[in-house]
Amino acid sequence: MVAYLVAILIFAMIYGFVALGLNIQWGLTGLINLGQVAFFAIGAYAFALATHAGMPLLAALVLATLVSGAFGGAVALFTPRLREDYLAIVTLGFSEFIRLIFLNEKWLAGGPDGIAAIPRPPTIPGLDTETSFLVVSAALVGLAFWFSQRLARFPIGRTLRAIREDETVVASVGKPTLAYKSQAFILGAALAGIGGAFFASYLTYISPDMFGPNVSIYVLAAVLLGTQGSSLGTLAGTAVVAALLEGTRLLKDYITIVDGVQLAALRLMALGLALMVIVVIRYRTTRSP
Amino acid sequence: MKRDPENRSILGSISRRALLAGGAGALAAAAMPGIGAVRADEGEIVVGALMPLSGAGGSFGQEMLASAKAALAEINDAGGPNGRKIKLVEENDETSPEAAVRGARKLIEVDKVTAIIGTWASSVTLAVAPIVQANKLIQFSTSGASRITEIQKKGHLFRTEPDDLLFGKAYAEYAAGQGWKRAAVLGLNVPFTAMTVEAFRQRFVERGGKVTSFTTYNEDQTTFRSEVTRAFADKPDFIHISGYEPDITAILKAAYQLGLSGRFIVPGFAVSPDLIKNAGPAAEGLLLVEEGVAEDSPAYQRLAKALGGGSDHYYSFGAQAYDQLNLLALAIEAAKSVDGTVLTDAVKKVSGPEGTKVTSFAEGIKVLRQGGQVNYEGASGSIDFDANGNIVKANFRVAQVKDGKVVPVGKITDVVF
Amino acid sequence: MFELQIYFVSALVSAAIWTLPAAAISLIYGVLRYPNFAITEFMTLGAYLALFLCGFSFPLWFAAPLAAVLTGFVALAFDQTLFRSVRRAGALPPVLLSLGLMLFLQNAVRFLWGNDVLQYPIPLSRPFVIAGFVITPTQAIMIVSVLVILLLSIVGLRMTAFGRAVRATSTNPELAVVTGVRPEIVYGGVIFISGFLAAIGGVALATETTLTPLLGWRVLIPLFAVAILGGLGSVIGAAYAALLLGLVSEFSLLVLPATYKTALAFLVLAAVLLVRPTGLIRAGD
């Protein structure tokens with residue numbers, strides 16, 4: 001039972017990075033990103049490949065952060081003037097594009113078989129491996145949270161919020177909105193990359209089919225659930241989503257009327273339903289006549 | 001405590017009777033906190049059956065689980081290794097590495113297993129093996145991918161399935177034996193195909209053949225028309241498809257619907273009754289090469305009887321799962337230990353080729369308890385492991401689909417690296 | 001030469017599969033102004049419902065339109081219960097809703113029918129070969145059916161009162177209301193038709209391949225590429241764009257590995273959006 005609880009918390013931490021990243025992009029700046037899983041995947045693969053190449057864990061983590069941040073920058077540069085709905089299509093498509101690259105380029109990432117034997121950080125003396133991993137990831141999530149808070153309070157945070165509210169006004173006072181938006185996208189992607197590195201390290205194994213759209217939906221729901229723009233709300237939202245989804249995994253041992261495949265399907269149906277309900281609650285308007 | 005079924009079997013029938021005779025069974029059990037501590041070393045040996053109960057390997061996973069249970073019954077009826085019963089905990093890997101990793105962690109951390117048997121898909125074995133090795137346990141696999149050999153060098157992992165290199169050579173031997181000279185290859189984009197195809201090409205060229213084209217594809221493609229067309233373009237004597245059931249079904253149908261007829265050779269593990277039903281007329285004449293079983297051995301006959309199928313059933317993966325559990329139990333008996341590192345050596349020892357030939361756990365412990373050495377000859381073959389934990393020498397069977405039935409048409413024996 | 005003719009027929013088959021669902025995306029975008037990611041899952045649902053009906057020994061030609069009508073109603077039900085409450089909140093809320101609906105429907109199919117690969121009970125048949133063009137009877141029926149439904153849709157949009165209301169709403173919603181168009185009727189009608197078209201596309205795709213819960217998801221990117229290439233909002237544009245993308249992706253096999261067809265579609269999509277977001281093909285509705 002404790003083992004399950006620790007596992008749920010670890011997933012909450014992993015998705016916490018990704019959701020904090022999405023919160024900077026979308027919550028703070030208003031840039032919708034339906035493909036956050038792309039940067040999560042890039043971080044995971046960069047970390048896995050770097051450790052397999054013999055890089056120390058910390059260096060691999062930094063590299064994963066930088067590489068996913070760089071990809072975030074590239075996407076931001078190519079899509080500066082896209083309308084919200086087009087950005088939604090491009091980011092979702094991009095995430096599937098990235099997954100196809102990892103699937104097809106065997107020389108790069110092992111193709112469909114993925115990468116195994118990804119190392120975990122050394123166990124803190126006195127703790128078991130799982131709890132130790134939780135402590136390490138929680139410490140880094142804390143750091144990311146602190147960073148997000150600072151970012152929101154600094155002038156850049158105010159500018160990003162202003163861009164969210166009305167980009168033309170910000171541009172008219174001479175602020176380089178494109179540079180600001182790119183920075184927000186880079187930071188958000190980099191945080192997702194850290195999450196990916198922790199994901200790879202925790203499962204010790206990654207393959208392309210883990211990086212479908214579910215992760216993107218997961219963090220969208222988390223950011224929506226917390227008050228959009230608030231880092232604390234985002235983390236709370238992530239905790240709720242993780243409890244709902246990872247927590248229900250343990251039902252597998254107790255529910256026998258549905259088989260494992262059906263239970264997995266039910267969990268993802270719940271995720272889809274949760275996202276829809278949250279959206280309706282958040283954006284409900286008076287009915288049109 | 002009183003109703004805890006685990007407790008009952010752990011205490012064993014004699015001590016239980018003694019306790020009941022004392023008339024204070026419940027009290028005594030409650031008053032003996034030390035029992036729990038003894039349990040870990042002296043109680044049941046927990047073994048994880050991590051098998052594909054759904055997904056691409058679904059039909060084989062069910063067969064493997066039933067076969068492992070057949071071996072389990074025999075082992076426990078004979079008293080179990082070192083007098084300890086084995087408890088089998090099943091976990092569905094869904095033929096997916098992600099589910100398998102989660103399942104393996106659960107087996108290791110929650111169920112505290114000594115060994116994991118049954119990993120079927122190569123991607124699953126590749127994902128699970130590092131975890132097993134990190135925990136110094138022991139794993140048995142039915143995967144063929146040659147890439148696994150690299151991982152096996154760290155120990156703790158045995159494969160009862162012939163390596164893909166042997167598979168590739170078997171295709172080549174059979175085709176050359178039939179006098180076919182030109183081969184086209186269609187390969188699913190997974191590592192096992194690359195090695196098989198390379199081994200096939202090498203042996204086929206040695207035997208005077210020529211590979212006219214090698215086309216790879218992804219399992220989630222919507223159409224295979226272009227790939228099939230490419231393969232037929234050079235008028236090959238036969239086409240070898242290296243893949244799994246869903247894509248092979250789609251390719252056979254695509255060829256049929258393009259009006260193309262040819263000879264297809266595919267791996268046996270990709271052909272289930274579903275394929276023959278779904279592909280219908282497109283599957284007629286399909287040749288399949290599968291790892292052989294020791295049909296005449298007592299072990300296989302016991303297994304076939306336990307599974308209750310007719311004589312047309314061919315339990316090649318079931319036989320392996322059956323042998324895996326028997327080998328593990330014999331190794332534990334021989335090593336008097338459940339330590340994964342010790343067992344790695346013990347498994348090699350009981351697999352032979354030296355020692356007295358035995359075909360069951362019951363025969364094996366008799367020899368072992370008299371201080372002898374055993375050579376387990378199982379349902380799937382004679383199973384002698386090399387230094388890496390791969391079987392040294394494999395036999396294959398060639399069968400053909402005729403009128404919707406799988407009919408044996410040939411054998412390829414003693415294929416070696 | 002044989003190979004080129006195969007590619008051509010494959011392009012035609014792909015185009016026939018993509019046209020109707022892409023037209024559905026286009027219609028919804030034109031009228032309701034949001035990209036609907038759940039269209040692919042209405043394809044999957046429609047395909048499985050048709051299989052379900054085939055289980056009552058209905059022939060596929062009868063089961064398919066029936067399943068499509070049912071799918072239309074399912075789409076309408078979600079629209080009225082969820083999407084309707086965020087009608088005036090801009091493009092983002094319905095986009096997010098459609099994403100949630102995508103996940104929900106895909107897994108509802110998985111829950112009901114499992115992950116196993118299924119197929120319609122239609123016998124395999126040998127193809128016709130006409131001047132080197134190889135086509136199976138099923139493919140021929142599929143292409144003709146899609147063409148008929150496409151023509152009916154285009155004629156319907158031009159000739160009927162409902163079609164005129166749709167086009168008016170698509171061009172200028174405020175003006176349409178002034179001229180007496182009741183927007184909710186138009187919205188509901190468009191959603192129903194989109195569900196119907198998607199389901200037919202799903203059945204078409206499943207006859208060509210097999211049924212799996214990922215049936216529709218796998219063509220999401222090509223569909224959006226087609227819808228955007230055709231100029232979002234235009235049904236005829238979607239049809240032309242489907243043919244164009246079909247030809248490009250099949251003939252790309254001459255230079256690219258087959259595994260990159262979808263990636264190629266994404267590049268087409270991204271390029272069109274970046275260079276000319278109004279689409280390459282301008283055509284009336």
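# Strands, helices and contacts

Reader: Which residue stands opposite Ile265(B) in E9(B)?
Author: This is a predicted model: local features need pLDDT of at least 70, side-chain atom pairs count only at pLDDT 80 or more, and totals for chains, interfaces and linings use all residues. Residues are numbered from 1 along each chain as its sequence is written, while chains are lettered from A and ligands numbered from 1 in the order in which they are written. Strands here are DSSP runs of E, at least two residues, and helices are runs of H or I, at least four, both numbered from the N terminus. The residue opposite Ile265(B) is His240(B).

Reader: How many bridges join E8(B) to E9(B)?
Author: Strand E8 covers residues 238-242 of chain B, and it runs parallel to E9(B). Strands pair if DSSP finds at least two bridges between them. For E8(B) and E9(B) the number is two.

Reader: Through which helix does the chain cross from E8(B) to E9(B)?
Author: The path leaves E8(B) and arrives at E9(B) as a β-α-β crossover. The helix in between covers residues 245-257 of chain B. It is H11.

Reader: What is the bridge partner of Ile265(B) in E10(B)?
Author: E10 of chain B covers residues 287-291. It pairs with E9(B) in the parallel sense, over three bridges. Facing Ile265(B) across that pairing is Leu287(B).

Reader: Which helix makes a β-α-β unit with E9(B) and E10(B)?
Author: Between those two strands comes a helix of residues 273-279 of chain B. Its name is H12.

Reader: Are the faces of strand E9(B) covered or uncovered?
Author: A residue is buried if 20 or more other C-beta atoms, placed from the backbone, lie within 10 Å of its own; 12 or fewer make it exposed, and in between it is partly exposed. On one side Phe264(B) and Val266(B) are buried, and on the other Ile265(B) and Pro267(B) are buried. Both faces are covered.

Reader: How many residues of H14(B) are buried?
Author: Helix H14 of chain B covers residues 316-335. It is largely enclosed by the rest of the structure, because its buried count is 20 of 20.

Reader: What phi does Lys336(B) take?
Author: Lys336(B) sits just after H14(B). Its phi is positive, at about 55°.

Reader: How far apart are the end C-alpha atoms of helix H2 of chain C?
Author: H2(C) covers residues 39-54, and 13 of its 16 residues are buried. The expected span is 1.5 Å times one less than the number of residues. That gives 22 Å, which agrees with the distance in the model, 23 Å.

Reader: What share of chain C counts as buried?
Author: Chain C has 11 helices and two strands. Its C-alpha atoms fill a box of roughly 55 × 45 × 35 Å along the principal axes. Of its 285 residues, the buried share is 55%.

Reader: Which helix gives the largest share of the side of chain C that touches chain A?
Author: Residues are in contact if their C-beta atoms, placed from the backbone, lie within 7 Å. Here 41 residues of chain C meet 37 residues of chain A. Helices H4, H8, H9 and H11 of chain C each supply at least two residues of the side of chain C. The largest share, 14 residues, comes from H4(C).

Reader: How many residues of chain B are in contact with chain A?
Author: Chain A brings 15 residues to this contact. From chain B the number is 17.

Notes: Contact = placed C-beta atoms within 7 Å. Right-handed = clockwise from strand over helix to strand, strands pointing away.
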